[in-house]
Structure formats: structure tokens, C-alpha cells
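Got the viewer open? Let's take a walk through this structure, one selection at a time.

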Amino acid sequence: MNLAISFRPKLLDTLKKYSAQDFSADLIAGLTVGIVALPLAMAFAIASGVKPEAGIFTAVIAGFIISALGGTRVCIGGPTGAFIVILYGIGVKYGLDNLAICTVMAGAFLFVMVWRAWGQ
């Protein structure tokens with residue numbers, strides 16, 4: 001059984017036929033995401049007890065890495081940070097062990113839903 005997994009970032013394929021129209025659309029999308037993501041990153045930094053600049057640096061560096069090495073050209077990496085508030089509340093109320101159980105169960109549900117979708 002051959003389980004070879006090849007890794008090829010989508011960026012390599014996308015840049016081959018990248019146009020000015022693609023650039024303008026990506027620029028508008030990037031500005032839109034930045035308007036939301038940068039203040040959110042600053043808020044997380046302040047809530048963590050560090051300077052707001054740390055949140056900006058983290059968001060920019062992580063965003064670049066996610067975009068450069070990602071497997072799709074239509075997803076962004078960052079909005080999931082808003083779930084930290086929800087996860088924190090669950091962790092405080094039910095404990096970290098139960099939070100871990102919920103995380104594993106959510107992953108299992110996702111696998112089951114994908115398996116069911118592909119089976120039809």
C-alpha cells in the first residue's frame with residue numbers, strides 16, 4: 001500500500017496564470033480581511049498582556065505563512081481567532097479535559113460528515 005503524500009502549495013499553481021484582475025480582487029479582499037483581522041489581533045494581544053504590536057506582527061506573519069503554504073486560494077486564516085472567547089468560556093465552566101473531549105468529538109463529526117458526503 002502506497003501512502004505517499006505530496007505537498008504542493010496552491011500558490012505555485014496560482015502564480016502561473018496570475019493577472020492584474022486577480023491582483024486587484026486579491027488586494028480588495030486583503031484590505032477587507034485586514035480591517036477585521038488586525039484590530040482583532042491587537043485585542044487578543046492586549047487581552048494576553050502584551051503590547052498591541054505583538055498581535056499585529058503575529059497576524060501578519062501567520063497570515064503570510066498560511067497564504068503562502070495553504071492548499072486553496074479562496075480561504076483566509078484568522079477568523080477562527082474569534083472562537084477563543086467561546087472556548088475560554090467552555091474551558092472555565094467545564095474544565096480543560098471536557099474541552100479536549102468536545103474538540104475530539106467535533107473532529108470526529110467532521111470526518112463522519114465528509115465520509116457521508118463522499119459516499120453519496
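Here is a short tour, from the overall picture to a few single residues.

**Start with the whole chain.** What you see is a predicted model. Show it as a cartoon and colour it by secondary structure: five helices turn up, and zero strands. Reading from the N terminus, the order is simply α-α-α-α-α. Now colour by burial: of the 120 residues in the chain, 8% are buried.

**Switch to confidence colours.** Mean pLDDT for the chain is 81, with 86% of the residues at 70 or more. Which element has the highest mean pLDDT, and which the lowest? Select residues 96-119 for the top one: that's helix 5, at 87. Helix 4 sits at the other end of the ranking, with a mean of 75.

**Pick out the nonpolar patch.** Select Phe7, Phe57, Ile61, Phe64, Ile65 and Leu69 and show their surface; together they make a nonpolar patch of about 710 Å². Stop for a moment at leucine 69, which belongs to helix 3. Is leucine 69 buried or exposed? Somewhere in between: its relative accessible area is 46%, so it counts as partly exposed, since that label covers the range between under 20% (buried) and over 50% (exposed).

**Step into the loop after helix 3.** Glycine 71 is found in the loop that links helix 3 and helix 4. With a relative accessibility of 67%, glycine 71 is classed as exposed, because the cut-off for that is over 50%. Try a distance label from here to phenylalanine 7: the two residues are 64 apart along the chain, yet 8.8 Å separates their C-alpha atoms. You've met phenylalanine 7 already, as one of the members of the nonpolar patch.

**Stay in that loop for arginine 73.** This residue also lies between helix 3 (52-69) and helix 4 (83-94). Arginine 73 is partly exposed, at 44% relative accessible area. Now add Lys10, Lys16 and Lys17 to the selection: with Arg73, these lysines gather in a patch of positive charge on the surface.

**Finish in helix 2.** Select residues 20-48 to light up helix 2, then zoom in on methionine 42 within it. Methionine 42 has 31% relative accessibility, so it counts as partly exposed. For a last distance label, go from methionine 42 to glutamate 53: their C-alpha atoms are 6.9 Å apart, and the two positions lie eleven residues apart in chain numbering terms of separation.

Note on methods
Residues are numbered from 1 along each chain as its sequence is written. This is a predicted model: local features need pLDDT of at least 70, side-chain atom pairs count only at pLDDT 80 or more; totals for chains, interfaces and linings use all residues. Side-chain values use heavy atoms; hydrogens and water are left out. Patches are made of residues with over 30% relative accessible area and no salt bridge: like charges are joined within 9 Å, nonpolar side chains (Val, Leu, Ile, Met, Phe, Trp, Tyr) within 5 Å. Accessible areas come from the Shrake-Rupley method with a 1.4 Å probe; for residues, only the protein chains shown count as cover. A salt bridge is a side-chain nitrogen of Lys or Arg within 4 Å of a carboxyl oxygen of Asp or Glu. Lys and Arg count as positive and Asp and Glu as negative; His and the chain ends are not counted. The place of a charge is taken as NZ of Lys, CZ of Arg, CG of Asp or CD of Glu. Helices (H or I, at least four residues) and strands (E, at least two) are DSSP runs, numbered from the N terminus. Buried means under 20% relative accessible area, exposed over 50%, partly exposed in between (1.4 Å probe, protein chains only). pLDDT is the predictor's confidence in each residue, from 0 to 100.
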